[in-house]
Amino acid sequence: MKLDRRTFLSIGAGAAAGGAVGSLFTPLPWKLTDDLSIWSQNWPWTPDPARGEVTFAPTTCELCPGGCGVSVRKVKDRCVKIEGADGNPVNDGGICPLGSSGLQILYGPTRIKTPLKRAGKRGEGKWKPVTWDEALGEVAAKLSDLRQKKLAHTAAVYVNGGEGTVNNLFLRLATVYGTPNVFVSRTAWDTYADALLHMQGEYAKPAFDLENSDYILSFGCGIIEGWGSPVRMIRVNAQVAEAGSGKTVVQIEPRLSNTAAKAGKWVAIKPGTEAALALGLCHVIIREGLFNDEFVSTFSQNFEDWVDEVHTEHRGFKRAVLEDFPPSAVEKITGVPRAQVAKLAREFAAAKAPVALFGTGKGEEAGTLYGAMAVHALNALMGRINQAGGVFMLPPDADFNWPAPAMDALAQRSLRENRIDGAGTDRFPLASELPSRLGEVLADPKKPYPLHALLVYAADPAFTLPETEKVLAGLSQIDFVVYCGSQMNDTAAMADLVLPDHTCYEKWQDVPTPPGFARRHIGLTRPVVKPLFSTMQAGETAIRIAKAMGGPVAESFPWSDYIQCLEESMGARLADMKENGFWEAEPDKGPWYTAFKTRTRKFDFAPRIISPAFPDTKILLPTYEALTPAGSESGFPLTLIPYENLRLAAQNVGDTPFLVKTLPDSSLMNQESVVEINPATGKAFGLREGGAAILSTPAGETRVRVHFYPGVAKNTVALPKGLGHIGYDDYLAGKGTNVNALVGLLPDPVTGHNAALIARARIVPA
Amino acid sequence: MEAAESHEKQKMYGMVIDLDKCTGCGACMVACMAENNVPFRKDETDKFKSITWMRVYLLSNKKDYPYSDICYLPRPCMHCSGRGGHGHSPCVSVCPAVATDYSHATGIVSQIYTRCFGCRYCMGACPYHARYFNWWDPKWPEGMKEYLSPDVSCRMRGVVEKCSFCFHRYQRAMDLAFTEQRTELEENEYQTSCTQACPANAIVFGDLNNEEHQVAQLVSEPPEGKKKFRLLEQLDTNPKVYYLTSKDWVLSAANRSVKEEAKKAESGH
């Protein structure tokens, strides 16, 4: 038989088809596929989490100042999930992405598991575990040694806030030890409190009754991006989206942030000029007579021109604002069209319960005193103080009735030394402390004296202060840096000795009122699990350091342990805290004639400072002073601003792996920060979307990626804030650039605090 | 039991997400990852390979400063019921291993990891990019396995995973109901992790078949001034996730047909 090509092919095809069809009737391929998939999936290292009884344990989240109540879901002894606590007045069941990922901190590699002593060079990451006795003994010995050498003032203490028992134990330690060099992280909330001190005669925290306000005028506050207590603020913002709510948010901000996008109206403004707009609004309200006449005429002073004891005439707030801030002038400064200035003022005045808010972004930067006073003046003009939907005063959460500290002569003497940062001296008479100047001061060869020791509790100055390079160089000059906290953050990484704290899932501690919250609200952290590692409640650490030092220092810490201190400090409040997880009290809602603690019992539009620091009378008449970042316009034609949001934790706690994962590729690309630039500007500078570029400022230079974003103004670059860590783990360290490394100090001319994170910049394709 | 089952009402779980309320904070993404043992890697910036059952997208009106506007859009699995609601969702129709299936009892599209052999047809079929492939074995840094939940199996290399509407929570709720001799669940007894976490209360979850549930009410009668839409409705996938918006540009971006987009791409706009 002759086999031609055609037959050969058809037999071949038939056999192939037959084989293919035939194989369907045998189980072999299916069996093989099945086996293959089972084999490829049965890796012994795929975890099989243990089962067990499910329970829920309450505590308070401490990862930001927001103070949310959380409920931790446990399976037997393991925590498996953190959820918002239902019914908690701060967050009622809601939770933010950072709080939700807290277990990655509790169980994660950034935890400090035992006291550590530096073994390699500073910042090298080589550590030797030591016992608690050794660690505390070393701290006490070093500090006592300095004290005996009459160098107590060269030891500094740095804490993240002035409220709560643990912060105050460290501050007390500083006082009885005898150092004037205490640093408390400075926020916009502190600046507003200063404004209240001057205008109302009482150092108080502002409480904003935003739930009952119908017109929220935000001067750059990241309402849904971490300003105040995040979940509470998002709830407030969501009220706006409720059909028929009649509530609106107006966002004044240079960049189209999430808050600006969600606001009823976004007013685009030049960076750092918010105070001028606030005063422009005051101008229109006064000129058109829209203010609250009863408040202004009966309960305020220095609104009209006034004459002092030596017959010098002074401009009142009214004339100053009418002369200096007409909408045409405001338009020139802020870039907001004059018609819009007038319209905003009329809207604000016409609302039933308007309120104006201060503090850019998350409020982590101090801002200017006049900025805060201008915003508060706007609230005062409309009589929004102690009114529903307005602003109230809260005392700081430091009312613990502690016995007066025992001060020996040594402490009294060294407390009188000038502070290293110059706060309280003739140069900065209005500041009690200036943490933002730390880098500059330490780098200054002519500094008054070197710092020999630094004790940091839960703050991260190495990351959060401007001029990172100077701060890091300064830290490395200090002989003995001690970090007390639960995570290996940037400051911990630069320390000589690390004293690990419990996390908020392992300890008893009070959590002070969330910033801006409408009532006093002290939360309670509770041990949800037994401490996992060889850590110690930081308050206990402070007490033990004091006791180990003996003498008058030890005498000022009469408590046997931290728990006793907490119980005595909270007093009757503790019962509520244990039952509900928090204690609450309404703010003073008294009428205007009892509301103000100034000498005249009136609200002061232009407070006068009487202090030996001012030979001439110093009058704090709110005004706008232009901030000029370093660098020439020709060399650095762009303006660099930071942007903040809830996916970027930028304070003493950094992003968890989950949070880094949520970052869009318009914030972080591989290991590089992504900058936002207006498409027109980007093209003019030869950049392309996603391309690499070199961003430089007078303070530094970094490689970034480019994202064209029409939500930033021309000639502006926006950089995400919260990246560029040197501490933590591989899931965060080394990713992106720290904004602080690129901006120089931009001091408020009145107080000296850092006014804003703004720098001049240039960008070229890489 | 059988009698009870046959009288059980058919449920159709779905979601309504109010984009006016959504702030893009990312709490839903993290709450989802924490609930469902979703792994993470050192570099998650390649978003095609980053496993996010819930992903928040950013929409832009593409106008220049200061008229630009943005809107966030959270995207879980849409749990499509397909044309006519017969359960022929795009992914279910193509899966050769019955590793993904449509439940007519709940309207939830399942994913059974041990059945999946990683052919990824479903990923190609899903028009929402809601499915993710495990290119690597999951790895947790030392100590972090402690927080893994026993309610959700950990996935292995070579399988596809996606949002389950937290089906294990449904199972738990039904188990509890059963011990109390009930066959029906209250609205709040079964809620997904993202719904529970959302600080803006932008996500509402429930049974679209149950008129008493808020989702059903929002779908049949959106609040004043808001319009509802679903993603790629024109594909007849019949998704069970509805969105609400009051912004016209968001609505028109959502309603833009695939053909229109293709035409634009061709003409280079």
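Let's start inside: this structure holds 13 cavities of 30 Å³ or more. Keep in mind as you click around that you are looking at a predicted model.

**Stop 1: the largest cavity**

Select A:G272, A:E274, A:T360, A:A755 and A:A756, and centre the view on them. Of the 39 residues that line the largest cavity, these five lie nearest its centre. The space they surround has a volume of about 610 Å³. Now colour three elements of chain A: α10 (274-287), α15 (369-381) and β26 (638-643). Those are the elements that give two or more residues to this lining. What kinds of residue make up the lining of the largest cavity? By class, there are 19 nonpolar, eleven polar and nine charged residues.

**Stop 2: the second largest cavity**

Next, pick A:R186, A:E364, A:E365, A:T464 and A:L465. They are the closest to the centre of the second largest cavity, out of 17 residues that line it. The space here is about 180 Å³. Try colouring this lining by class too: you should get six nonpolar, seven polar and four charged residues.

**Stop 3: an unusual backbone angle**

Stay in chain A and go to A:E467, in the loop between α18 (461-464) and α19 (468-477). Check the backbone here: phi of A:E467 is near 65°, a positive value in a residue that isn't glycine.

**Stop 4: a salt bridge inside chain A**

Show the side chains of A:E163 and A:K205. They form a salt bridge, and the closest N and O atoms are 2.9 Å apart. Where does each partner sit along the chain? A:E163 is in the loop between β6 (155-159) and α6 (165-177), while A:K205 belongs to strand β8 (residues 205-208), so to speak a link between distant parts of the chain, 42 residues apart. If you'd like to hunt for others, a search of the whole structure finds 58 salt bridges over all chains.

**Stop 5: where the two chains meet**

Zoom out and give chain A and chain B separate colours. The contact takes 72 residues from chain A and 73 residues from chain B. About 5900 Å² of area is buried between the two chains, and carbon and sulfur atoms give 57% of that.

Which salt bridge could you look at here? Select A:D730 and B:K42: their side chains meet in one, at 3.3 Å from N to O. Across the whole interface of chain A and chain B, the rule finds seven salt bridges. There are also 32 residue pairs in polar contact across this interface, counting pairs where both residues have pLDDT 80 or more.

Now highlight helix α8 (residues 230-241) of chain A. This helix gives the most to the side of chain A that touches chain B, with six residues. Overall, that side of chain A divides into 40 nonpolar, 18 polar and 14 charged residues.

**Stop 6: a cis bond in chain B**

Finish in chain B with B:Y65 and B:P66. The peptide bond that joins them is cis, with omega about -5°. To find your bearings, look for β2 (55-60) and β3 (70-75) of chain B: B:P66 lies in the loop between them.

Note on methods. Residues are numbered from 1 along each chain as its sequence is written. Chains are lettered from A and ligands numbered from 1 in the order in which they are written. This is a predicted model: local features need pLDDT of at least 70, side-chain atom pairs count only at pLDDT 80 or more; totals for chains, interfaces and linings use all residues. Side-chain values use heavy atoms; hydrogens and water are left out. Contact means heavy atoms within 4.5 Å. Buried area is the accessible area (1.4 Å probe) that two parts lose on being put together, summed over both. A salt bridge is a side-chain nitrogen of Lys or Arg within 4 Å of a carboxyl oxygen of Asp or Glu. A polar contact is a pair of N or O atoms within 3.5 Å; within protein, one must be able to donate a hydrogen and the other to accept it, and residues adjacent in sequence count only if both atoms are side-chain atoms. Helices (H or I, at least four residues) and strands (E, at least two) are DSSP runs, numbered from the N terminus. Ala, Val, Leu, Ile, Met, Phe, Trp, Tyr, Cys and Pro count as nonpolar, Asp, Glu, Lys and Arg as charged, and the others, Gly among them, as polar. On a 1 Å grid over the protein atoms alone, a cavity is a set of points where a 1.4 Å probe fits but cannot get out, and a pocket is an open set with protein on both sides within 12 Å along at least five of seven lines; lining residues have an atom within 4 Å of a point. Grid points are joined across faces, edges and corners, and a volume is the space filled by probe spheres set on the points.
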